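Please look at the model shown here and follow the report that comes after it, which takes up helix packing, a set of annotated positions and one further residue in turn.

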Amino acid sequence: MKIVDILIGKIKIPLKRPFKTALRTVYFAEDIIVKLLTRSGLVGYGSAAPTLAITGESSDSIISCLVNNLKPKIIGADLSNLEKVMNDLHSSFVNNTSALAAVDMAFYDLLAQSLNLPLYKYLGGYHNLVFTDLTISANSPEVMVADSLIALDEGFQDLKLKLGLNPSLDFVRVQAVRTAVGNKVKISLDANQAWGAKEAVRIIRRFEKLNLNIEFVEQPVKAKKLSDLRYVTQNVETDILADESVFSPYDALQLIHHKACDLLNIKLAKAGGIFNATKILNIAEAAGVECIVGCMLESQISVTAAAHFAAAKKSIVRCDLDSPSLLAENPIVGGAVVEANTLTLSETDAGLGIKEVLNVEYLKF
Ligand SMILES: C[C@H](N)C(=O)N[C@@H](CCC(=O)O)C(=O)O
Ligand SMILES: [Mg+2]
């Protein structure tokens, strides 16, 4: 199956409310759309969200990587040699993981379509439902309580609270939300690297002492400080989830070898797509470490790809695939059907099941 053309487009999607983390505040989601055409007439979709603070990629850098580095290698590529094609792409540059992920998911979309299978069946076919938490942006305790109660009303039972914007307020934030939502609701926390190692241990132990019943704490310390992450993991009872610390299979191996976290957050945008995400999952499975599949603030295309990956595998037990629920509009026709905390994948649509992207401006280059 040969690729004959690539179209690259841009979309901008308004949010229901500003998305605020310790790393960034965002008022709309941007996404770069990739559309691959094969000689036989199949169309494969992928997308990449510029998350400069995490992957180091902007819209311009994603487009430049697609046009200058990826396009010359993928036009004419034969996907029946996927292993060869992917190894060539992965070894031709470092970083640019979201750009690579957009192409990777479009490849998998095409491969599954060529066999007339939904992608989750092509990848393993464990089930077709994925359940997600909902992220509550970092705000004043009052706003976070109000947002949490709205989320419960909408049908979410699992909340991920963003912390780390003025850490002195973090304890009050968590306690206020726990009091408001009661004990049945699952609460996890994401500091997006905002705390120091000792500060993280102090804060997490305080949550433990007061029985705030936290599922896990995500990326408490700086991404590159593996020894700090290890220090936190070894000194608290609560599970620690590595997010920004794990991009590649090698990162996963290091984190597991050094017992620097309890759980791994796999994102296609960090791994460079399904090819390497599968390697991370295999390493984690062999070590008995559970993985969560997460997302950036991104469109329905890449979240659908992540949902297919998660649904294909038995060992992915939790997901943070809430981006579609944070967007005020959905310009993507097809893909996962999102109803509150449930993403349902069609058992009959082949590939990702994306039909069309509305209001997309395809670039000329
Ligand atoms: C959207 C998702 N729930 C999430 O929080 N993802 C990231 C942040 C992504 C972004 O800044 O776009 C995370 O840190 O887990
Ligand atoms: Mg995170």
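Helix 2 (residues 59-74) and helix 4 (residues 97-114) pack at an angle of about 45°, and their axes lie 9 Å apart. Here axes are lines fitted to C-alpha atoms, for helices over the stretch in contact, and angles run from 0 to 180 degrees between N-to-C directions; helices (H or I, at least four residues) and strands (E, at least two) are DSSP runs, numbered from the N terminus. Helix 2 and helix 4 are therefore oblique to each other, given that angles under 35 degrees count as roughly parallel, over 145 as roughly antiparallel, 65 to 115 as roughly perpendicular and the rest as oblique. The crossing of helix 2 and helix 4 is right-handed, a crossing being left-handed if the near helix is turned anticlockwise from the far one by less than a right angle, and right-handed if clockwise. On the side of helix 2 the contact is made by Ile62, Cys65, Leu66, Leu70 and Ile74, and on the side of helix 4 by Ser98, Ala99 and Val103, where two residues are in contact if their C-beta atoms, placed from the backbone, lie within 7 Å. By class, this contact of helix 2 with helix 4 has seven nonpolar, one polar and no charged residues; Ala, Val, Leu, Ile, Met, Phe, Trp, Tyr, Cys and Pro count as nonpolar, Asp, Glu, Lys and Arg as charged, and the others, Gly among them, as polar.

This is a predicted model, in which local features need pLDDT of at least 70 and side-chain atom pairs count only at pLDDT 80 or more, while totals for chains, interfaces and linings use all residues. Residues are numbered from 1 along each chain as its sequence is written, and chains are lettered from A and ligands numbered from 1 in the order in which they are written.

A second helix pair is formed by helix 10 (residues 249-257) and helix 12 (residues 274-287), which pack at an angle of about 20° with their axes 8 Å apart. Helix 10 and helix 12 are therefore roughly parallel to each other, and their crossing is right-handed. Helix 10 contributes Pro249, Ala252, Leu253 and Ile256 to the contact, and helix 12 contributes Asn276, Lys279, Ile280, Ile283, Ala284 and Ala287. These residues divide into eight nonpolar, one polar and one charged.

The UniProt record, in an unreviewed entry, lists Asp190, Glu218 and Asp243 for "binding site". Although they are spread over 54 residues of sequence, they cluster in space, the largest C-alpha distance being 9.2 Å. UniProt positions are given in the numbering used here, feature names are shortened, and annotations may be inferred rather than shown by experiment. Asp190 is placed in strand 7 (residues 186-190), whereas Asp243 is in the loop between strand 9 (239-242) and helix 10. Not counting residues up to four places away in sequence, Asp190 touches Lys160, Lys162, Leu163, Glu218 and Gln219, and Asp243, with neighbours within four places likewise left aside, is in contact with Glu218, Gln219, Asn265 and Gly294.

A residue is buried if 20 or more other C-beta atoms, placed from the backbone, lie within 10 Å of its own, exposed if 12 or fewer, and partly exposed in between.

| Residue | Other C-beta atoms within 10 Å | Class |
|---|---|---|
| Asp190 | 26 C-beta atoms | buried |
| Asp243 | 25 C-beta atoms | buried |
| His308 | 31 C-beta atoms | buried |

His308 is in helix 13 (residues 300-312). The C-alpha atoms of His308 and Tyr120 are separated by 4.4 Å, although these residues are 188 residues apart along the chain.
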